[in-house]
Amino acid sequence: MEDYLKALPTFVDRIRKIREIIISNIVLVGQVPAPTFQERRRAECLVERLSEFNTDECVIDDHGNPVGVIRGTVKEKGAIFIVAHLDTFSELETDQHYEVTDKIISGVGVSDNSAAVGVLASLPEILRQLDLVFESDIVLVAPVQCLGRGNLRGMRRLLRAWPGPIRGAICLESVELGRLNYYSSAMIRGVINCSIAAEKQLGRHHMPNAILVINEVINAILGLRLPQKPRTQIVIGKISGGFNHGKIAYDAMIGFEIRSDSDEMVRELYSDIHDIVDGINKSFAVEIKLDRISNLNATQLRHNHPLVKCASRILRRLEVEAVCDPSETALSIFLQNGIPAITIGLTQGENFHQDGAMIEIEPMVKGIAQIPALLMAMDKGACDE
Amino acid sequence: MNEKWIDTNTFHHSEFKDIGRLVAAKNEKKLSISLCLPTLNEERTIAKEIVIMKSELMTRYPLLDEIVVIDSGSTDDTRKIARSYDVTVYQADDILPQMERFKGKGENLWKALYVTRGDIIIYIDADIKNIHHRFAYGLLGPLLLGDRIRFTKAFYDRPIAIGQNKLRPTGGGRVTELVTRPLFSMFMPDMTQFLQPLSGEYAGYRSIFEKIPFHIGYGVETGMLIDIHRKWGLDVMAQVDLDRRVHKNQDTKALGRMAFVIIKTFLNRMETLERMRIQQQIHDEMIQYQLVRNRLKPENHLLEQHERPPMIEIPEYRQKFSRTTAGEKASL
């Protein structure tokens, strides 16, 4: 059996012994709000924590990404990245307070992605406790501006500016344990906003209802023919509009995502939706706008790539079932740049993006144990084909 | 009034954030430190306090030697959760069980003196939502880095939680401003320099705490300040700015009951110090009114004054800590 697999039970035991440090980091970093584009305070907090744990180099880069480097023993070896996106969907700007019990940690954003950021902050100490030293530099990054309109900007810019070679990357997501992503679908996320012009609100003309107009858009999108191959899907995942029960709605919006195995198919469908919006604009004489929020290209690591195989073996050894789905995380940016990368989940949780978001503490021990095991494998060349 | 005290004896927690320096000072002085968390139904906050203190001030830096939870009989999972993080948990009633039993925070603090082993004891309320290890190292700093200070008291901005994720940035400390500060201004102006005399976080040498009585309820902080001031003077006392403390809000009626007990404790001390003579009996009941079906109905709350004697007067304590005399002169 490979060394990294043999070491897993010891890793699990030792990580459990320092669980207070890990929970503290999750709480202390996670309680600092970090809505996309407003991550500065959390970035400073993370860099301070990394520095307190004697990380060799800690810095906030020119793009606002907090970065910590654990120096390796062989200068010529490329770096291995560990990444957990810093921003959360929360729009809170005041401090939030997490609750901890014997079993769970709960609070806004903990499952996306504050727990993973807290684990990232703990890694220098975890690796020290496990007596692990690597040939490669281990680069700990919590990129900013990843979610929504951020469109993974922090990660894209960091990679563009990174001076040296990169051997591989592990992207961390708080949930779910067992998650093993090694490919991403082509994707475009968009928003369609419909608003009724002010003069129509005053009743000078027949007044259209923004919700009904948006309904027309939805029906038209549902009428689009989607191929079975390449696999393609349009998800209408957000909707809002109107003011109250008895008033004609002045505005309405939907958020949608086009996903496909093919970049070309996503582009074509986006163009179709653009045509739908143009058509409805003309027939209803309302202001209706299509806005692209983010996009990704389809990328993938082979399912039998050594890194994927290592990650699968680690999960099996931990007795966790692997679940392989496409991912829209920083993974795709690495793969697009030809860098082998995977995304793993750290624990189980509930109420992903809601007020009652929570993660479980005990499964996290196994989730974290994946990281040193993967680092051992990657440092010994699992990514170097 | 000693107006200089507020300048010389007021600190900010950031002055002590070099925890390694505190640990070195502690080792040089050969001291041990106990953290006591008094609890009553704190299942929502206790684990976070333990985890952060243990992680930052025991595992990473050996500043604290033990964390002890003293519980007043919680009916929720407070004790179970605390035990799951490997700290020592006591029910207050199980400590010195041969003595008459009382319920209250002061009772827990007093009994902590018997079960903890530290030369320095730090008390931190268990309901703090924004707990951070500065609450402990900030209070310990003046005690460890100098030889003059023997007791430290916290002060802070006190936003109060008014709902999920909502904070009111001013307020809190209402009993301080409406009751304690006026009383101190009238009778003990020196003490007005304590910005938050009722704060629930303080630290001090065992040699101080064991020689003062402990009020068992809300009066514990007021009584403690007056007693330390009386025995050793202001110079051994200090206050530390801990920035921000977010805690549960209490309704006005509850604050009224708190004020009742604090006034009683204060008057009791004034009589003991022979600064005031009260010529009538002071009642033990606080009477509040509530509207029930358009009629005002009185609610009588019995708020008895109970006080524990200085711990050094308890034979079991003297035996356990090899103290020889109970009535020794106030020494540090």
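Reader: Which way does H3(A) pass H3(B), in a left-handed or a right-handed crossing?
Author: Keep in mind that this is a predicted model. In it, helix H3 (residues 46-60) of chain B packs against H3(A), and the axes are 8 Å apart. The way H3(A) passes H3(B) is left-handed.

Reader: Is H3(A) oblique or roughly parallel to H3(B)?
Author: Start with the angle at which the two pack, which is about 120°. Angles under 35 degrees count as roughly parallel, and 65 to 115 as roughly perpendicular. With the angle they have, H3(A) is therefore oblique to H3(B).

Reader: And what kinds of residues make the contact of H3(A) with H3(B)?
Author: On the H3(A) side you'll find A:Glu20, A:Ile21, A:Ile23, A:Ser24 and A:Val27. H3(B) brings residues including B:Val51, B:Ile52, B:Lys54 and B:Arg60. Sorted by kind, the contact has five nonpolar, three polar and five charged residues.

Reader: Zooming out, which element gives the most to the side of chain A that touches chain B?
Author: The whole contact draws 17 residues from chain A and 21 residues from chain B. On the chain A side, helix H3 (19-30) and strand S4 (99-100) each supply at least two residues. The top giver, with five residues, is H3(A).

Reader: What about the inside: which helix gives the largest share of the largest nonpolar core?
Author: That core has 174 residues, and A:Ile105, A:Leu120 and B:Leu140 are among those with the most contacts inside it. A:Leu120, for one, is in contact with A:Ile82, A:Ala84, A:Leu140, A:Ala142 and A:Leu172, leaving aside its neighbours within four places in sequence. The largest share, eleven residues, comes from helix H12 (residues 362-379) of chain A.

Reader: How many residues does the other core have?
Author: This one lies apart from the 174-residue core. Its members include A:Ile214, A:Tyr250, A:Phe256 and A:Ile258. The count is 27 residues.

Reader: At what angle do H8(A) and H9(A) cross?
Author: Two packed helices are described by the angle between their axes and the distance between the axes. For helix H8 (residues 210-222) and helix H9 (residues 263-284) of chain A, the axes come within 10 Å. Their crossing is right-handed, and the angle is roughly 145°.

Reader: How many charged residues are there in the contact of H8(A) with H9(A)?
Author: H8(A) offers A:Val213, A:Glu216, A:Val217, A:Ala220 and A:Ile221. They meet A:Ile273, A:Ile276, A:Val277, A:Ile280 and A:Phe284 in H9(A). Nine residues of this contact are nonpolar and no polar ones take part, while the number of charged residues is one.

Technical notes. Residues are numbered from 1 along each chain as its sequence is written. Chains are lettered from A and ligands numbered from 1 in the order in which they are written. This is a predicted model: local features need pLDDT of at least 70, side-chain atom pairs count only at pLDDT 80 or more; totals for chains, interfaces and linings use all residues. Two residues are in contact if their C-beta atoms, placed from the backbone, lie within 7 Å. Helices (H or I, at least four residues) and strands (E, at least two) are DSSP runs, numbered from the N terminus. Axes are lines fitted to C-alpha atoms, for helices over the stretch in contact, and angles run from 0 to 180 degrees between N-to-C directions. Angles under 35 degrees count as roughly parallel, over 145 as roughly antiparallel, 65 to 115 as roughly perpendicular and the rest as oblique. A crossing is left-handed if the near helix is turned anticlockwise from the far one by less than a right angle, and right-handed if clockwise. Ala, Val, Leu, Ile, Met, Phe, Trp, Tyr, Cys and Pro count as nonpolar, Asp, Glu, Lys and Arg as charged, and the others, Gly among them, as polar. A nonpolar core is a set of buried Ala, Val, Leu, Ile, Met, Phe, Trp, Tyr and Cys residues joined through C-beta atoms within 7 Å. A residue is buried if 20 or more other C-beta atoms lie within 10 Å of its own, exposed if 12 or fewer, and partly exposed in between; C-beta atoms are placed from the backbone.
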